[in-house]
Amino acid sequence: MTMEVEGGEGKGKTMLCLLTDPDGNPLGTPVNFPLNTEPQHLQQIVNQLRQNEERLPYAFYIADKELVESLGKFAEKNKISVEKVLHIVYQPQAVFRIRPVHRCSATIAGHTEAVLSVAFSPDGQQLASGSGDTTVRLWDLNTQTPLFTCTGHKNWVLAIAWSPDGKYLVSGSKAGELQCWDPRTGKPSGNPLIGHKKWITGISWEPVHLSAPCRRFVSASKDGDARIWDVTLRKSVVCLSGHTLAVTCVKWGGDGFIYTGSQDCTIKVWETTQGKLIRELKGHGHWVNSLTLSTEYILRTGAFDHTGKQYSSPEEMKQAALERYNKMKGNSPERLVSGSDDFTMFLWEPFLKKQPKTRMTGHQQPINHVCFSPDGQWIASASFDTSVKLWNGTTGKFVAAFRGHVGPVYQISWSADSRLLVSGSKDSTLKVWDIKARALKLDLPGHADEVFAVDWSPDGQKVASGGKDRVLKLWMG
Amino acid sequence: MPQGDYIDLHRKRYGYRPDHFERKRKKEARLVHKRSEIAQKALGIKGKMFAKKRYAEKALMKKTLMMHEESSTRRKVDDDVHEGSIPAYLLDRDTTTRAKILNNTIKQKRKEKAGKWEVPLPKVRPVAEDEMFKILRSGKRKTKQWKRMVTKATFVGPGFTRKPPKYERFIRPSGLRFTKSHVTHPELKATFNLEIIGVKKNPNGQMYTSLGVLTKGTIIEVNVSELGLVTPAGKVVWGKYAQVTNNPENDGCVNAVLLV
């Protein structure tokens, strides 16, 4: 395809532009583009220059502003000089597009107390929920009915986590015990794991690209320490103590470190073989409520992706997961975002240094939940001030605020293509937000009481939400 | 020597009586029965006072027994499963428990149509016209008496502009105008300072409703958006009715109770 390059006087006709990828490497040389080039023309060019076999979608950003109309209009609006070379950053978008969920396909009752946590399995085929009635329930997504009820906990089930290969489900309760379940039969696989003295606040599995089949996971508790457990040995292998107050969240990073955020306002980075403290990230002024990693989605889904391919052997899974992880990570180090009660968030690069990269202010109430988008481009934060804010995933700059909820927003979840975001709040509604339009897409009312947990399935078909009204709602497109 | 010291002096010189300790022991043993007899036989105020003292002793004894029974082994966790389960991120926070006030808008609309409302104050004292209005004399010789000034609290909307003074019959002094009211939620027992949107009905007559007079028993519409109420359909409730419960012209503020 030939571009008509119109020559030199060029002020009203062409502009000199250089396409660069998200890491900053230029693609080709600076080219004169006519001012009426639209993003789809640029897409074709990028595809050609990169010699992609299939046409992949891209989004273009100039100085962090998205290019939606033609170059000429953009230049006029933002008063860009046509003398200098314009850097256009292209971001690959997900090839598949998730349809927004807009109807409640099922309201499944079953729990006798409030539903406290909801999680889809990494392949999106199974759904588990933990509740205040001390049971974990597994639900059948095809018939939308309860499948198994797993009893055995002594107090409320506060946290559940699927292993990235989908073989185990671990749940932690208010009594400080953890229980492993076999999701295919609903039976506990072994005795409860005792070790923590107070309730469990979070669970995170070791990524499958580091060890397959999945054996180890880390749990955080109010008693101030985090423990690494091995499901095959059925005991605690390492105890990470150091925090002086409750550990509120824990994440196992893709590079093999464990990040724990605590009420003592610090985040500690641990090494996993011996449980030694590597770094302490200080900066927050109040409790650290939530942590998120840029590769979190990949670590959660492991080797499974939107194609729905099943793997037969753990080695294959490990290989596939490693490929996906490296592709997602690229050359940049893993980024960590922490949301705190001091109304701010910090963007860290814990691999590189102890100081935060950016401080993200703007919220007016404690931040309850932060989440990176699956492609790592955006960060979303949910706060008690009823707003959800969107930030740039690499620089941490504020992008947009989503207002609409009338009560504190408790949890958020991204769709697999990073184009939609669902948020659940105390005002009993869920809202789906469109990232491209930076606006509310859909309202999902229907819950009778506060919504405590939301999750979007990795295949993007369904959203599950549970709350104080004791029913689990499944929403479909 | 003081009276009681003679006994002590005798004891010092000659020792205790031979049966002294046995008598003492038996007397103390009998005390229990004696006390019980007094407790049963004492009447009137004397009996009541004794019973009170005895009960206090009983409670104290029970407490000490419980304390001794408690084992010294520390229990790791609280075993009871409590009601009102909340997720981990809410556990260390004390959130105000709000009763769920999800109103059925259809029911409300039906009630509105019927014009019937169950109100907390069904009957109010009727306010006479001479109490409500003060006659203002106007004109060069102050003989014209067609102007009236409202002596009760009123609500005028935000876009209110007075009629030209030559033509206005009812004067609502700005000192008696109110925009906000202290609205109490009957179930939550919490009071909020909410903006008044309008006066729906004054029980003394439709003239007063149109003037916006706030007397005891008036139904007003208030802006409840700060309460964060949501209907089952997902819409945000921003206006609700409330009934005035005080005499605003005497208190200087409008107190109302929300009609749920």
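Which residue stands opposite S423(A) in β33(A)? Opposite S423(A) you'll find K431(A), and the strands around that pair are a good place to start.

## Ground rules

This is a predicted model, where local features need pLDDT of at least 70 and side-chain atom pairs count only at pLDDT 80 or more, while totals for chains, interfaces and linings use all residues. Residues are numbered from 1 along each chain as its sequence is written, chains are lettered from A and ligands numbered from 1 in the order in which they are written, and side-chain values use heavy atoms, with hydrogens and water left out.

## β33 and its two partners

Strand β33 of chain A covers residues 430-434, and five of its five residues are buried (buried means under 20% relative accessible area, exposed over 50%, partly exposed in between, with a 1.4 Å probe and protein chains only). Strands here are DSSP runs of E with at least two residues, helices are runs of H or I with at least four, and both are numbered from the N terminus. Cover comes on both faces of β33(A): L430(A), V432(A) and D434(A) are buried on one side, K431(A) and W433(A) on the other.

On one flank, β32(A) (residues 420-425) pairs antiparallel with β33(A) over five bridges; two strands pair if DSSP finds at least two bridges between them. Four residues sit between these strands in their hairpin, where S428(A) takes a positive phi near 75°. The pairing with β34(A) (residues 439-444) is also antiparallel, again over five bridges, and W433(A) stands opposite L440(A) there. That hairpin, too, has four residues between its strands, and R438(A) in the turn has a positive phi of about 55°.

## A four-stranded open sheet

Elsewhere in chain A, four strands line up as β27-β28-β29-β30 in an open sheet with antiparallel pairing. At the edges stand β27 (367-372) and β30 (398-403), each with a single partner strand, so one side of each has no neighbour in the sheet. From one strand to the next the twist averages 20° (axes are lines fitted to C-alpha atoms, for helices over the stretch in contact, with angles running from 0 to 180 degrees between N-to-C directions). Within this sheet, β29(A) (residues 387-392) is joined to β30(A) by five bridges, and W391(A) has F398(A) as its bridge partner.

Another strand of chain A, β23 (residues 288-293), has six of its six residues buried. Five bridges join β23(A) to β24(A) (residues 336-340), and the two run antiparallel. In that pair, S290(A) stands opposite G339(A).

## What the record says about repeats

UniProt (an unreviewed entry) places the feature "repeat: WD" at several stretches of chain A, including 240-280, 360-401 and 402-436. Positions from that record use the numbering here, feature names are shortened, and annotations may be inferred rather than shown by experiment. Residues 240-280 of chain A come out at 0% helix and 59% strand, with the end C-alpha atoms 13 Å apart. For residues 402-436 of chain A the figures are 0% helix and 54% strand, with the end C-alpha atoms 12 Å apart.

## Helix α2 and its two faces

Helix α2 of chain A spans residues 71-78, and its buried residues are L71(A), G72(A), F74(A) and A75(A). They cover an arc of only 165° around the axis, so they lie on the same side of α2(A); the arc is that of the directions from the helix axis to the C-beta atoms. Turned away from the buried side, the other face carries the exposed E76(A) and K77(A).

Strands that help cover the buried residues of α2(A) include β1 (14-20), β2 (26-34) and β5 (86-92) of chain A. Just after the helix, K79(A) takes a positive phi of about 55°.

## T151, out in a loop

T151(A) lies in the loop between β10 (145-150) and β11 (157-162) of chain A. Its relative accessibility is 53%, which is why T151(A) counts as exposed. Leaving aside neighbours within four places in sequence, T151(A) is in contact with T135(A) and W181(A), where contact means heavy atoms within 4.5 Å.

## Chain B in brief

Chain B has seven helices and 10 strands. Of its 260 residues, 27% are buried. Chain B exposes about 19,400 Å², with carbon and sulfur atoms supplying 54% of that area (accessible areas come from the Shrake-Rupley method with a 1.4 Å probe, and for residues only the protein chains shown count as cover).
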